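Biologist: I am new to this structure, and I would like to understand how the words used for it are justified. Could we go through them with care?

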Amino acid sequence: MALNIVGQARPNTFAFETSALIKATGFREYDARWWIGHPGSEKEPELNLMGVQAIGMGLGTLIRRMGVGPDIVTGHDFRSYSMAIKMALVSGLMAAGARVKDIGLALSPMAYFAQFALDAPSVAMVTASHNENGWTGVKMGAQRPLTFGPEEMTALKALVLDGDFALIGGGSYEFVPGFRERYIEDLTTGRNLGRKLKVVAACGNGTAGAFAPQVLEGIGCEVIPLDVELDHSFPRYNPNPEDMQMLHAIRDKVLETHADVGLGFDGDGDRCGVVDNEGNEIFADKVGVMLARDISGLHATSVFVVDVKSTGLFMTDPVLAQNGARTDYWKTGHSYIKRRVAELNAIAGFEKSGHFFFNPPIGRGYDDGLLTAIAVCEMLDRNLGKTLADLYRDLPLTFGTPTMSPHCPDEVKYGVVAKVVGEFTKMKGDGIEFAGQPLANLVTVNGVRVVAQDGTWGLVRASSNKPEIVVVVESPVSPERRREMFEALDAVLRRNPEVGAYNQTF
């Protein structure tokens, strides 16, 4: 079936109502994201409901051609338009013969859990995660617990844009009632803390507000709710635990209430941010090191996977070395780390963005912010004489930055990063110093991680889900060396006029 697919169409026009609008750049490396707009928005939409229906037709066709059975789980996050997006997707899936099991309003990890609990090999979760209001997207998978990577996303993009659908019909729809309770029960059964922890649960008015307080209470925490009321206008800030505004709000509530820990969840609940009892906003990679210490003390010769944005402590920490732990640095992105964790049979994987993945016996291999929160609480429970701030102080000192993202259009961002990688490769080959020191190493599995002789490093890569470049810097030496590396990296980036302003700095 060929479809009339347009690259641009304004709302409230004949073309918008009669053609499938799908911007090609919305098919990203490991999920899909489009701007659909909201009232008062001046930015042109990149997707309409007919386009969403076409994506459903394409996804249903693709999983059949992959030899996967027809059963697929769907769910949607809490945004004003998410249910409409999901039902358009469902109509396309059914046209391609899919048997849809709809779990309703959900977190992404709840949809991943449903693949196991409902014995469905595939998932299509409608969510824009932590993106601003006006964005939508789909997280997809056809081989639990994994989600699509570049190969599947490229195949889906070609199939949809070419209208190469096999619309065999015979699909079905089933709404699965009460699945929220089933998911919460799975997380909490058999998990009871030995001490009563006072926990701030911050949800940024996103979907996790309907889940996080109940889960934390279910394992024995005293919960202090912060912005848990569902409100898809996100009145205070985006539910993004990597965003300093959200972390500051958690810090303030922790200090006000003398809580043991503050936990923040993103819009679809697959990420968790952490603030300690003294109000320190602990970046997720350092939380990962703390959890790796705890887990490797319980499980001998543990293997961990971390993304290239993460702290160098995973390689140099003496406690991890003493416990016989081994760490593999890999590409940033939940699908990449999830797949690598499965390939290496690692016990856990950590991303600086707050996606954490736990294999058995802790989890099922997918990212779940609530399970991460439970792991943090259980770590505290096992260290009765220490606060979270004590555990944080026990780590060797490094000076890191938040994830900083200058704007760069989707159409050119990969080209810009390729140029930057080329420049650093030439510098290292020519023996040219950078940020005042010789280059000790370049890691190029995902953009470029530039490592100086003193261990100070900086990363430049293209964002996989937004029109942005990603920059992260860390120094084990001093804040001054951190600043030198950042300014030197930024100077290289600024040679490209397409690179815009940062969303945040340090």
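Modeller: What follows is a conversation about one strand, its partners and two pockets, in a model that is predicted.

Biologist: Why is strand β11 called largely enclosed?

Modeller: A residue counts as buried when its relative accessible area is under 20%, and five of the five residues of β11 (residues 261-265) are buried, so the strand is largely enclosed by the rest of the structure.

Biologist: What makes you say that both faces of β11 are covered?

Modeller: In a regular strand the side chains alternate between the two faces of the sheet. Here Val-261, Leu-263 and Phe-265 lie on one side, with Gly-262 and Gly-264 on the other, and all are buried.

Biologist: How do you know that β11 pairs with strand β9 and with strand β12?

Modeller: Two strands pair if there are at least two bridges between them; four bridges join β9 (residues 198-202) to β11 in parallel, while five join β11 to β12 (residues 272-276) in antiparallel fashion, so both cases satisfy the definition. Gly-264 stands opposite Ala-202 of β9 and also opposite Gly-273 in β12.

Biologist: What class of residue does each pocket lining hold?

Modeller: Since Asp, Glu, Lys and Arg count as charged, Glu-242, Lys-466 and Glu-468, which are among the residues closest to the centre of the largest pocket, belong to that class. The lining of the largest pocket has two nonpolar, 16 polar and twelve charged residues, whereas that of the second largest pocket has twelve nonpolar, five polar and eight charged residues.

Definitions and conventions
Residues numbered from 1 in each chain as written. Predicted model: local features only at pLDDT ≥ 70, side-chain atom pairs only at ≥ 80, totals over all residues. Heavy atoms only, no water. 1 Å grid on protein atoms, 1.4 Å probe; cavity = no way out; pocket = protein on both sides within 12 Å on 5 of 7 lines; lining within 4 Å. Buried < 20%, exposed > 50% of the residue type's maximum accessible area, 1.4 Å probe, protein only. Helix = DSSP H or I, 4+ residues; strand = E, 2+ residues; numbered from the N terminus.
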